[in-house]
Amino acid sequence: MRILLVSPGNNRKYGGGFFYAFHRRMINGFIRSGHFVYAYSDRDTADSLMGIRSLGKRLANRRLIEIASELQPDFLVLLQSHLINAETIRQIRSSVPGLKVAAISIDDIHHPKPAGQFRGMLEEADLGFATTGGATLASFSDTKPLAYIPNPVDMSVDNHIAFEAKAPDIDVFFACDQPDTADRWVFAESVKEMLGPKYRVEYFGRRKGRPLRGDTYVRTLGSSRIGLNLNSREGELYASDRMAQLLGNGLLLATYSSSGFDSYFSDDEMLFFSDASSLAVQISSAIDGDQRWRQMAKAGRAKALKIMNEELVARFIVAIMSEDEIPSEWVFGDHVFNRSAVRQPRAVS
């Protein structure tokens with residue numbers, strides 16, 4: 001298949017500092033599944049016009065129409081491409097017979113702004129995918145198929161293995177670019193206080209001057225034992241891409257029991273907690289002796305590579321778009337909704 005993937009990109013804003021981004025993992029997954037991928041960034045294109053996105057938005061849409069007409073893709077995948085409007089998709093359909101269009105959201109679509117953005121992408125799409133599952137995702141499936149996808153791990157990106165490090169520098173790691181008052185920081189600080197000075201707890205992003213990005217971020221993961229998977233909301237399998245980054249780089253992941261991931265990972269593969277106190281106790285137990293956390297992290301990474309690797313996620317997306325059989329290895333089949341509503345290609349007038 002020939003896939004035109006539209007995503008935010010990050011060449012202009014981040015350069016190489018965000019090389020582990022979701023869209024790069026999906027590009028790898030599609031290619032490794034045997035497909036051709038043309039990657040197009042709506043934001044980078046818009047920002048190229050004097051760096052003023054509001055002025056460059058028209059350019060981003062016009063250029064996408066031109067590329068699609070020249071490329072004649074089988075699939076158009078809109079990944080967080082909020083600058084692309086419905087009229088642009090209609091024009092692309094008129095010049096690309098039989099085109100299938102998918103929308104992907106990697107934000108928590110339970111919240112109003114991401115929900116509105118997702119609905120905007122879905123307007124002219126045939127089907128959609130999101131890193132939020134459950135009833136929230138089902139509520140979007142009144143007219144077209146929707147399916148949950150996890151943030152994929154990718155060994156070519158996640159190339160550190162923390163559980164093999166001889167002497168990791170950090171016992172508990174967390175990074176989050178949110179204000180001091182965010183609930184996640186309050187929780188993280190409570191865990192740190194309960195653990196006390198015996199453990200090396202390092203947090204990044206709360207205060208200016210301690211950002212982690214690019215190779216520095218990944219190397220820090222590779223020298224850490226346990227990573228906290230704290231999100232803006234817990235439940236319905238939603239997690240930011242930090243989950244894949246922590247698992248892929250071999251940390252022992254600690255996540256809320258309410259996240260839903262205890263249906264796919266065992267207590268020997270992750271730390272599941274309900275509050276700061278229970279998490280602190282589990283961290284102490286896993287780290288003391290230096291072996292249990294390594295065994296659990298190794299098992300968790302192996303499970304993640306089995307059920308949520310970049311190639312499997314890509315094959316699942318292509319299967320849904322092609323109306324083919326879902327890969328037998330796919331374990332998230334209970335988060336596929338209204339699959340029978342795949343829209344047939346429009347006739348070209």
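The radius of gyration of the protein chain comes out at 21 Å in this predicted model. A compact globule of 349 residues would sit near 20 Å, so the chain agrees with that expectation. Laid along its principal axes, the C-alpha trace spans about 70 × 45 × 35 Å. The fold is built from 12 helices and 12 strands. Contacts reach far along the sequence: of those between residues at least 6 apart, 71% join residues at least 24 apart.

As for the surface, about 14800 Å² of the protein chain is exposed, with carbon and sulfur atoms supplying 50% of that area. Buried residues make up 56% of the 349. On the charge side, there are 42 positive and 42 negative charges, and their mean positions lie 5 Å apart.

Moving inside, the largest nonpolar core counts 86 residues, and F118, F129 and F265 have the most contacts within it. Helix α12, running over residues 310-322, gives the most to this core, with 8 residues. F129 shows how such a residue is packed. Leaving aside residues up to four places away in sequence, F129 touches F118 itself, along with A102, A103, I104 and S105. Its other partners are L146, A147 and I149, plus F316, I317, I320 and M321. Apart from this core lies another one, of 30 residues, which includes F163, A188, Y256 and A297.

Helix α1 (residues 22-32) is a good example of an element tucked into the fold. Because 8 of its 11 residues are buried, α1 is largely enclosed by the rest of the structure. The buried set is not just nonpolar side chains on paper: F22, M26, I27 and F30 are in it, but so are H23, R25, N28 and G29. The cover over these residues includes three strands, β1 (2-7), β2 (36-41) and β3 (75-79), and two helices, α9 (242-248) and α12. After α1 comes G34, with a positive phi near 100 degrees.

Positive phi values also turn up away from glycine. The loop between β9 (224-229) and α9 holds E236, and L237 is found in the loop between β9 and α9 as well. E236 has a phi of about 60 degrees, while phi of L237 is near 65 degrees. Their surroundings can be set side by side. E236 has a relative accessible area of 22%, so it is partly exposed. L237, at 3% relative accessibility, counts as buried.

Definitions and conventions:
Residues numbered from 1 in each chain as written. Predicted model: local features only at pLDDT ≥ 70, side-chain atom pairs only at ≥ 80, totals over all residues. Heavy atoms only, no water. Helix = DSSP H or I, 4+ residues; strand = E, 2+ residues; numbered from the N terminus. Rg over C-alpha atoms; globule rule 2.2 N^0.38 Å. Buried < 20%, exposed > 50% of the residue type's maximum accessible area, 1.4 Å probe, protein only. Contact = heavy atoms within 4.5 Å. Areas by Shrake-Rupley, 256 points an atom, 1.4 Å probe, with all protein chains shown as cover. Lys, Arg positive; Asp, Glu negative; His and termini not counted. Charge placed at Lys NZ, Arg CZ, Asp CG, Glu CD. Core = buried A, V, L, I, M, F, W, Y, C linked by side-chain atoms within 4.5 Å.
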